[in-house]
Amino acid sequence: MCGIVGYVGPEEATPILLEGLRRLEYRGYDSAGITVMSDDGLLETVKRPGKIATLEAALDRSELSGSCGIAHTRWATHGPPNQINAHPHSSRDRSIALVHNGIIENAEILRSKLTELGYEFTSDTDTEVVVHLVDEAFKTNDTLEDAVAAALLQIEGAYGLVVVSSRDPRKLVAARNGSPLLLGVGTGGEFFVASDVAAMLTHTRDVVYLDDGDYAVVGPDDYAVYHLEKGAVRRSVHKVTWDLSAIERGGYVHFMLKEIYEQPSSLRDVMRGRLLEEDGISRLGGLGGREDTLDRVRRIVITACGTSWHAGLIGEYMLEEMTGIPVKVEYASEFRYKNPVVDSETLVLAISQSGETADTLAALKEAKRRGAMTMGIVNTVGSSIARFTDFGVYLHAGPEIGVASTKAFTSQIVALALFTLFMGRRRQLSILTGRKMVQDLSELPGKVEQVLAQSGAIRELAEAYKDAPNFLYLGRGYQFPVALEGALKLKEVSYIHAEGYPAAEMKHGPIALIDENMPVVFLAPQDLTYAKVVSNIEEVKARRGRVIAVVTDGSDELEGKVDHLIRVPPTHHSLQPVITTVPLQLLAYHIAILRGCDVDQPRNLAKSVTVE
């Protein structure tokens, strides 16, 4: 992985491809490359390790010209991030070039087979295997699409790929299996291929999402979609509705800061039209009128990765408290390898910002194979998870460009609260409790704005702790997942080692780390566990730990007892994580900036993890 762009049309391809790569830069990558077919049908490739700026400098010294080409930003999975392993990869006679996201699981077997046929490998990547397979398939197939299809039938694993060849010029062949890929239909004979709609949005809003097993022939005058088993298929054209401004910084220094500050708006958007105050319930159109089906649910399994998994933990607390349904939260990466116990009365609820997370999608497929109902909470319209699940809730939070998730996380919590409200009112939640929940939800955006107003004070706090080598985050009940998320944010963007724990578990090991150099962040709002958390704070102070406490307004008990207080507005205890998360996001952001870190593209991280 990480980013794919393809173009065929009447214009010079290189500027369009580079623009697309820049739009995908947020996804995280370590090398970049481009191949363009000249007007006389020859392929020329330029690729470099490092940032797109390095590739651009190399292109300035080349004579790359043509109106058909492919480009790629790579996040290394097989082999180090060097020029040889960068994409595109080419056949030995330079007549075929290919870019690829995903992992070819039988690459070593295919490599041995191709070596016996006389092919020589110059890179460490699994992708080079596919190039040689297409080359070999051309011996018995006349068209590029037939050669690609023949090669794909030999592949096991995930791929999103685009191929171009001088043997069948002015044409792109794109294929998808488990890794996102879509077509863009422009005007005047322009067609695009990309792994993310952001790459083509300046040129077209009409997109075609490919399904697993699809391959498409693109340009120069039209496109056609085929399936490896079904032959020719029809895929609908969808209109992208969000604006280009959503993927631009809009005056902010960093996307991460912009998205932290967008949270009042993103929370309003996830709730818009979904709260019915009089009835004390939520209205979720993604349930498709099949609400009665959900009445059969006797157990819920939430599956997700990373930040979305933390949101799932909060959802577990909500759903069990307000619906009485047993809930379990599973790492998607482990779910299908443990013989999961699910059946027709189990709802498997997947959470993913991108809707393309490979592990989460694989978990859903396993759940459906075992007869479970499936539901998705995703942000990206038209994504694989959104199209695969039986039910769903879109976040409508707008594109999230920063690699470290912020606004998507708080929107996920609210989406889970909306689902909890819906399920609870159909089960055991009274109308009065439902109405109070609706009121508390509607007040959340304004309360988040109050926290954002403290950014300057939190930056001063960051100054005091920017050089700390370790952090500990502690919380109980609903605040334990917030502790996990706060620690993750700090790790992701500042590279400081941080751990999140249930506050009571501190005594069972982590307390050994406490000394005068250890900052400990406590989530201590006024809730059912407050008194217990205060006791845990006393234990840390007794060992000279430096305590930063996030407390609710009006709570004065810790004044003078801790090193720093961050005050936040109170709300219903199940929604408090939305508010207590925000100062931790700001703390991580400011510490990272003071340490000189790239908060939008942290090292080694990718925005959308489309490989297992």
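Which residues does Gly-213 touch, not counting residues up to four places away in sequence? Before we get there, a word on what you're looking at. This is a predicted model, where local features need pLDDT of at least 70 and side-chain atom pairs count only at pLDDT 80 or more, while totals for chains, interfaces and linings use all residues. Residues are numbered from 1 along each chain as its sequence is written, and side-chain values use heavy atoms, with hydrogens and water left out.

Back to Gly-213: its partners are Arg-176, Asn-177, Tyr-226, His-227 and Leu-228, where a contact means heavy atoms within 4.5 Å. Gly-213 sits in the loop between strand E11 (206–209) and strand E12 (214–218). Helices (H or I, at least four residues) and strands (E, at least two) are DSSP runs here, numbered from the N terminus. With a relative accessible area of 9%, Gly-213 is buried; the cut-offs are under 20% for buried and over 50% for exposed, with partly exposed in between (1.4 Å probe, protein chains only). Glu-229 is 16 residues away from Gly-213 along the chain, and their C-alpha atoms are separated by 7.6 Å.

Now zoom out. The protein's secondary structure comes to 18 helices and 27 strands. Its radius of gyration, taken over C-alpha atoms, is compared with a globule rule of 2.2 Å times the number of residues to the power 0.38. For 612 residues that rule puts a compact globule near 25 Å, and the protein's 25 Å agrees. Along the principal axes, the C-alpha trace spans about 75 × 55 × 45 Å. Buried residues make up 60% of the 612. Among contacts with a separation of 6 or more, 70% are between residues 24 or more positions apart.

Next, the sheets. Strands of a sheet pair through backbone hydrogen bonds, either parallel or antiparallel. Two strands count as paired if DSSP finds at least two bridges between them. One open sheet has seven strands in the order E5-E6-E7-E8-E12-E13-E14, with antiparallel pairing. Strands E5 (89–90) and E14 (231–233) stand at its edges with a single partner strand each, so one side of each is left without a neighbour in the sheet. Within that order, E7 (residues 159–165) and E8 (residues 172–177) run antiparallel and are joined by five bridges; Leu-161 has Ala-175 in E8 as its bridge partner.

Edge strand E5 is also home to Ser-90. Is Ser-90 buried or exposed? Ser-90 is buried, with a relative accessible area of 14%. Leaving aside residues up to four places away in sequence, Ser-90 touches Thr-45, Ile-96, Ala-97, Val-131 and His-132.

For the parallel sense, jump along to strand E23 (residues 470–475), which is mostly covered, with five of its six residues buried. E23 pairs in parallel with strand E24 (residues 497–502) over six bridges, and Asn-470 has His-497 in E24 as its bridge partner.

The loop between E24 and strand E25 (519–523) holds Ile-514. Ile-514 is buried, at a relative accessible area of 9%. Skipping residues up to four places away in sequence, Ile-514 touches Leu-472, Val-520, Val-540, Arg-543 and Gly-545. From Ile-514 to Leu-55 it's 459 residues in sequence and 47 Å in space, C-alpha to C-alpha.
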